[in-house]
Amino acid sequence: MSTARPPWNIPGVILFSQGELSYEVDLSRGLVEEWAQSKLGERTAVAWERTREQRLRQVIVRSLPATSDEPEALAKARARLREEARLAAHLHHPGIAQIFGIHEVQGALHIVSERVEGASLNTLITYSLMRKAPLTPAFCLYVGAEVASICITRTAARMRAGPHWASCIVT
């Protein structure tokens with residue numbers, strides 16, 4: 001007679017900790033799918049926000065290193081990422097991932113945001129191109145309406161916040 005066993009609990013790697021919270025990459029998932037890295041070392045990973053006792057929620061962590069072979073380009077990338085996160089933190093719309101925190105740990109910049117389920121528009125366009133089948137007009141209209149809704153939200157927030165929001169970028 002066999003008994004049911006819980007699945008293997010493979011420990012993750014802690015990316016960084018801030019206060020009572022840590023951010024852990026789950027090693028039971030394929031890291032190839034979870035990581036994306038840019039030329040300047042910006043990394044994006046799905047991680048668990050956790051306390052010492054338990055995992056709380058899955059989040060997206062975007063990180064930039066403390067140093068690079070291209071210090072000027074890295075400084076610009078850090079400023080862009082910090083500003084993008086700061087501005088996005090003020091936007092509230094279902095089409096915009098919420099920013100949970102901006103952290104600098106040992107010189108590395110980490111932006112923690114909501115993990116939104118579903119395929120990105122970039123992924124859908126890529127699949128469409130791979131299949132050599134264009135996106136339907138109805139789908140394109142739907143996406144256009146969603147983007148317009150996000151733009152209205154962004155514009156309203158910018159008007160409330162004043163002129164320093166002129167460079168706001170919604171991703």
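## Strands β1 and β2

Let's start with two strands that sit side by side. Strand β1, residues 13-18, pairs with β2 in the antiparallel sense, and five bridges hold the pairing. One of these matches is easy to find: the bridge partner of Phe16 in β2 is Tyr23. Keep in mind as you look that this is a predicted model.

The two strands make a hairpin, with two residues between them. Look for Gly19 in the turn, where phi is positive, at about 65 degrees.

Is β2 mostly enclosed or mostly open? Four of its five residues are buried, so β2 is largely enclosed by the rest of the structure.

## From β2 to β4 and β5

β2 has another partner too. Strand β2 (residues 21-25) and strand β4 (residues 43-50) run antiparallel, joined by three bridges. Tyr23 turns up again here, since its bridge partner in β4 is Glu49. Ser22, for its part, stands opposite Arg50 in β4.

Now follow β4 onward. It runs antiparallel to β5, and eight bridges join the two. If you want a pair to look for, try Thr44, which stands opposite Arg62 in β5. β4 and β5 also form a hairpin, this time with four residues between them.

## Helix α2

Next up is a helix. α2 covers residues 71-88, which makes 18 residues. From its first C-alpha to its last it reaches 25 Å, close to the 26 Å expected at 1.5 Å a residue.

Which residues of α2 are buried? They are Leu74, Ala77, Arg78, Leu81, Glu84, Ala85, Leu87 and Ala88. Try checking how they are spaced along the helix with this rule in mind: an α-helix has 3.6 residues a turn, so residues three or four places apart point the same way. As for what covers the buried residues of α2, the list includes β5 (55-64), β6 (99-105) and β7 (108-114).

Arg82 also lies in helix α2. Is Arg82 buried, exposed or partly exposed? Its relative accessibility is 33%, and the band for partly exposed runs between 20% and 50%, so Arg82 counts as partly exposed. Leaving out residues up to four places away in sequence, Arg82 touches Ile102, Glu104 and Leu109. Arg82 and Leu109 are 27 residues apart in sequence, while their C-alpha atoms are 8.2 Å apart in space.

## Two nonpolar cores

Here is some background first: in soluble globular proteins, nonpolar side chains tend to be buried together. In this model, the largest nonpolar core has eight residues: Leu40, Leu64, Leu74, Ala77, Leu81, Ala85, Leu109 and Ile111. The elements that give two or more residues to this core are α2 and β7. Which of the elements gives the most? That is α2, with four residues.

Leu64 is a good place to zoom in. Setting aside residues up to four places away in sequence, Leu64 touches Leu40, Gly41, Glu42, Leu74, Ala77, Arg78, Leu81, Ala108 and Leu109. There is also a second, separate core of seven residues, and Tyr23, Ala47, Val59 and Val61 are among them.

## Cysteines

How many disulfides does the model have? The count comes to zero. As a reminder, a disulfide is a covalent bond between the sulfur atoms of two cysteines. Two cysteines you can look up are Cys140 and Cys151. Cys140 is partly exposed, with a relative accessible area of 40%. Cys151 is partly exposed as well, at 34%.

## The whole chain and its confidence

Stepping back, the protein chain has four helices and seven strands. Read from the N terminus on, the elements run β-β-α-β-β-β-α-β-β-α-α. Of the 171 residues, 30% are buried. Among contacts with a separation of 6 or more, 45% are between residues 24 or more positions apart.

How far does the predictor trust its own model? The chain averages a pLDDT of 80, and 80% of the residues score at least 70. Over residues 1-8 the pLDDT is below 50, and this stretch has zero contacts in the model beyond near neighbours in sequence. Residues 165-171 also have a pLDDT below 50, but that stretch has 16 contacts beyond near neighbours in sequence.

Definitions and conventions. Residues are numbered from 1 along each chain as its sequence is written. Side-chain values use heavy atoms; hydrogens and water are left out. The expected span of a helix is 1.5 Å times one less than its number of residues. Buried means under 20% relative accessible area, exposed over 50%, partly exposed in between (1.4 Å probe, protein chains only). Contact means heavy atoms within 4.5 Å. Two strands pair if DSSP finds at least two bridges between them. A nonpolar core is a set of buried Ala, Val, Leu, Ile, Met, Phe, Trp, Tyr and Cys residues joined through side-chain atoms within 4.5 Å. A disulfide is a pair of cysteine sulfur atoms within 2.5 Å. pLDDT is the predictor's confidence in each residue, from 0 to 100.
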